[in-house]
Amino acid sequence: MEPSQSPLIKTYERKIMDTLLLTLEWIGTVAFAVSGTMTGLRKKLDILGVVMLGLTTATGGGIIRDVLLGITPPAVFRDPLTVVTAVVTAILLFIPGIRHRLMKSPRALELTLLIADSIGLGVFTVVGAQMACRVLPESSWMTMAFLGVVTGVGGGLMRDVFVGDLPYIFCKHIYALAALVGALIWVAARMLWGNTAAMLLGCGAVVLIRLLAAHFRWNLPRAQED
């Protein structure tokens, strides 16, 4: 009985993981699209600029990860759902009634950007690590963690460069470090409790660290003139 059940269990677990990955990627896409769109609105870009910024933020990290993994063309060019989700999100936020309500309060704008960016960072960090594990199952934990961090910060990095800002990861609170901690938690939790728990714990850790860092104004030491 045991040998015949094992393939069924593995298939069932694979379906659960695929569903979780798809769900998290959708959540991360919406979150990062909101982040990019809000930045575009704050910079007073036109609708094309806002949509492109939302799309770039939502897909940039995944594109960089896929190129590093040798996946060509990157998955985003073969999956219209990701592009459609990001574009629709950006257009909805550009609607005058919604846009004016968000822009009316600088505090609400900053809070929305913080929450969306934190969720996107957490989700794409663990999704990137999981994808690296799937494509390169024999790779080291360091490689998986690195690709997780790259996936998490890549879209935000491209967003900031496109609008001429100093990239968020170099100057604002705890950002790339939060992604690194989340990726390392994913590595440890995966060995102890499996993929599902690892992804949830890693993502949750990134979001929690980002929110705490913003609330308590934690920053890494900066270079200062003597």
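Asp 160 is buried, with a relative accessible area of 5%. This is a predicted model, and Asp 160 opens a short tour of its charged pairs, cores, cysteines and surface.

**The charged network**

The side chain of Asp 160 meets that of Arg 159 in a salt bridge, 3.0 Å from N to O. Arg 159 also forms a salt bridge with Asp 117, at 3.1 Å. Shared partners join Asp 117, Arg 159 and Asp 160 into one network. How buried or exposed is Arg 159? It counts as buried, because its relative accessible area is 2% and the cut-off for buried is under 20%. Asp 117 is buried too, at 2% relative accessibility.

The pair of Arg 159 and Asp 117 links distant parts of the chain. Arg 159 sits in helix 6, Asp 117 in helix 5, and 42 residues separate them in sequence.

**A bridge between loops**

The structure holds 6 salt bridges. One of them joins Lys 43 and Asp 165, with the closest N and O atoms 2.9 Å apart. Lys 43 lies in the loop between helix 1 and helix 2, and Asp 165 in the loop between helix 6 and helix 7, so the pair ties together parts that are 122 residues apart in sequence. Lys 43 is partly exposed, with a relative accessible area of 35%. Asp 165 is partly exposed as well, at 26%.

The three bridges described here are listed below.

| Salt bridge | N to O distance |
|---|---|
| Lys 43 and Asp 165 | 2.9 Å |
| Arg 159 and Asp 117 | 3.1 Å |
| Arg 159 and Asp 160 | 3.0 Å |

**The nonpolar cores**

In soluble globular proteins, nonpolar side chains tend to be buried together. Here the largest nonpolar core has 40 residues. Those with the most contacts inside this core are Leu 121, Val 127, Val 153, Tyr 175, Trp 186 and Met 199. Which elements give two or more residues to this core? They are helix 1 (2-42), helix 2 (47-69), helix 5 (106-135), helix 6, helix 7 (168-171), helix 8 and helix 9 (195-216). Helix 5 gives the most, with 9 residues.

Another core lies apart from this one. This other core has 10 residues, among them Val 34, Leu 93, Leu 109 and Ala 116.

Tyr 175 also has contacts of its own to note. Leaving out residues up to four places away in sequence, Tyr 175 touches Phe 32, Asp 117, Leu 121, Val 153, Tyr 168, Ile 169 and Arg 210. Asp 117, one of these contacts, is part of the charged network described above.

**The cysteines**

How many disulfides does a search of the whole structure find? The search finds 0. Cys 133 is in no disulfide, and the nearest cysteine sulfur, that of Cys 203, is 17 Å away. Cys 203 is likewise in no disulfide. Cys 133 counts as buried, at 7% relative accessibility. Cys 203 counts as buried at 13%.

**The surface patch**

Trp 141, Met 142, Leu 177, Leu 180, Leu 184 and Leu 220 form a nonpolar patch on the surface. Together they have about 570 Å² of accessible area. Helix 6 (141-162) and helix 8 (176-193) each supply at least two residues of the patch. Which helix gives the largest share? Helix 8 does, with 3 residues. Leu 177 is found in helix 8. At 37% relative accessibility, Leu 177 counts as partly exposed.

Methods:
Residues numbered from 1 in each chain as written. Predicted model: local features only at pLDDT ≥ 70, side-chain atom pairs only at ≥ 80, totals over all residues. Heavy atoms only, no water. Patch = residues over 30% accessible without salt bridge, like charges linked within 9 Å, V, L, I, M, F, W, Y side chains within 5 Å. Areas by Shrake-Rupley, 256 points an atom, 1.4 Å probe, with all protein chains shown as cover. Salt bridge = Lys/Arg side-chain N within 4 Å of Asp/Glu carboxyl O. Helix = DSSP H or I, 4+ residues; strand = E, 2+ residues; numbered from the N terminus. Buried < 20%, exposed > 50% of the residue type's maximum accessible area, 1.4 Å probe, protein only. Disulfide = S-S within 2.5 Å. Core = buried A, V, L, I, M, F, W, Y, C linked by side-chain atoms within 4.5 Å. Contact = heavy atoms within 4.5 Å.
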